[in-house]
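Welcome! Take a look at the sequence and the structure, and then we can go through some questions together.

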Amino acid sequence: LVTGHIDDSEDYSKPLPTLKFSLLNNLAEYKVELESSMDNIATQALEHIHANEIILTVGKSNTVEQFLKYAAKSRKFQVFVVEAAPHCHGHQMAANLVKSHIETTVISDSAVFAMMSRVNKVIIGTQTVLANGGLRAACGVHMVALAAKRYSVPIMVLAHMYKLSQMHLCSNEQDAFNICASPADVLPYSSGPLLNKVHVYNPVFDYVPPELVTLFIFHQGGNAPSYVYRLLSELYHPDDQEL
């Protein structure tokens, strides 16, 4: 990463014999951080998951799966997995947790509000952590976050540092922020003439504002959403904040 001020008058043909060595060292360090990030997050599980708690998660996240499995080595707890329709990746998540002898129950998306009063905490993954501490998460997570807020249930987000983004979300940027998957996942082509009478949208992501998030858990520890700006300032040079 180049952090110094670049002078336009500098001679770029000048050889820099140490540049390649420095870049390779930095890339090697970054590679080690990426490879160990999931394990470092998982080892924090015992600080947040206690005996006989009920944990709720959404869909399938490899980071959340390792986090729960690590806690299950020494503590007994129960997990509710929201199936995350229409793709229903939560079914695979539940099957993997059961193999590790974790008591797991799959619930439909519509049952989240009814079950939230029994839940001790919500633990989820995310696709991106935005600059304001908000989330670009899987579709349906915003609904879960609102239900958790209603019942004062803490929401913990497991995220790797490479998921931090300089991007902000404005109401007029929804088209650039979100993408839509095939509507066939919601309304199959076998529905026939009905397809000509309706417009079906199948968004992939949800925006979750930072006020709905209780804690981010990164590989170096937990941070509040309001601290994300500080982490970004350490990761990115000010000249790289607007590309």
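**A hairpin and its neighbours**

Q: How many residues lie between S5 and S6 in the hairpin they form?
A: This is a predicted model. In it, S5 and S6 make a hairpin, and Gly133 in the turn has a positive phi of about 90°. The number of residues between the two strands is 5.

Q: Which residue in S6 is the bridge partner of Val129?
A: Strand S5 (residues 128-129) and strand S6 (residues 135-138) run antiparallel, joined by 2 bridges. Val129 has its bridge partner in S6, and that partner is Leu135.

Q: Which residue in S8 is the bridge partner of Ala138?
A: S6 is also joined to strand S8 (residues 205-208), by 4 bridges, and these two strands run antiparallel. Within S8, the partner of Ala138 is Phe205.

**The open sheet**

Q: Why is one side of S3 and of S10 left without a neighbour in the sheet?
A: The sheet is open, with 7 strands in the order S3-S2-S1-S4-S7-S9-S10 and mixed pairing. Strand S3 (103-107) and strand S10 (221-223) stand at its edges, so one side of each has no neighbour in the sheet. The reason is that each of them has a single partner strand.

Q: What is the average twist from one strand to the next?
A: Follow the strand order from S3 through to S10. From one strand to the next, the twist averages 25°.

Q: Which residue in S2 does Thr57 stand opposite?
A: Strand S1 (residues 54-58) pairs with strand S2 (residues 78-82) in the parallel sense, over 5 bridges. Opposite Thr57, in S2, stands Val81.

Note on methods:
Residues numbered from 1 in each chain as written. Predicted model: local features only at pLDDT ≥ 70, side-chain atom pairs only at ≥ 80, totals over all residues. Heavy atoms only, no water. Pairing = 2+ DSSP bridges. Axes fitted to C-alpha atoms, helices over the stretch in contact; angles between N-to-C directions.
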